[in-house]
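The following exercises are to be worked from the atoms of a single model. Please examine the sequence and the coordinates before reading each solution.

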Amino acid sequence: MRRLLTLFLLAASIGCASSGAANRTQEAQASSGHGYALLYEILGEERQVAQLLLIKVERDSLETVIQAIAEICGKAYERLGTLAKADPGLDLVDAGLPTEEVRTRQAIAATRRDQLLAASGRELELQLLLSQNEALTYMAHLADTLSRSESDPTRLEFVRELWKDMTRLQENVLALLRRP
């Protein structure tokens, strides 16, 4: 009887452990999917940053950095879209954010847009570079976080390369911020 009870408890604990592992795997996939949706959203926004330079003409070094950000983010946006088409389980729409977070992000984006449109000269450069520094920091860290739990080799290569690109671009932005 004791052996039977021990075997039953052992089987139950193994079942619970595997169920817990399955739940953790599902949670990791969901959070990873949310991370990719966040990344896709910000890449989509940043690929359009160079359009501001069509309205505002500033120094060449600023234009070079902003064009590079737009180009790299545009390519990454397309690449991530392609990766999602290859894996229907990768949802790039649902970022899993609460309504309040979405509204807060929208309010910040509207404030930044208004600040950039109202600014010119050195103030425009400063505001634009500061906003790009924030976006690049976020994307680099998000790519790094995604790489730590990514099991798909293609996506792992993508987020690692994206981390390198975002880090390099951020260094370029910081260099411009340091220049008089």
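**Exercise 1.** Determine which residues Arg 155 is in contact with, leaving aside neighbours within four places in sequence.

*Solution.* Contact is taken as heavy atoms within 4.5 Å. On that basis, Arg 155 touches Tyr 36, Leu 83, Asp 87, Leu 90 and Glu 150. Next, place the residue: Arg 155 belongs to helix α6, residues 153–178. Finally, assign its exposure: with a relative accessible area of 13%, Arg 155 is buried, a class defined as under 20% (1.4 Å probe, protein chains only).

The model is predicted: local features need pLDDT of at least 70, side-chain atom pairs count only at pLDDT 80 or more, and totals for chains, interfaces and linings use all residues. Residues are numbered from 1 along each chain as its sequence is written, and side-chain values use heavy atoms, with hydrogens and water left out.

**Exercise 2.** State how many helices and strands the protein has.

*Solution.* Count DSSP runs, with helices (H or I) of at least four residues and strands (E) of at least two, numbered from the N terminus. The protein has 6 helices and 0 strands, giving the pattern α-α-α-α-α-α along the sequence.

**Exercise 3.** Establish what share of the protein's residues is buried, and how its sequence-distant contacts are distributed.

*Solution.* Of the 180 residues, 37% are buried. Among contacts between residues at least 6 apart in sequence, 79% join residues at least 24 apart.

How values were computed. Buried means under 20% relative accessible area, exposed over 50%, partly exposed in between (1.4 Å probe, protein chains only).
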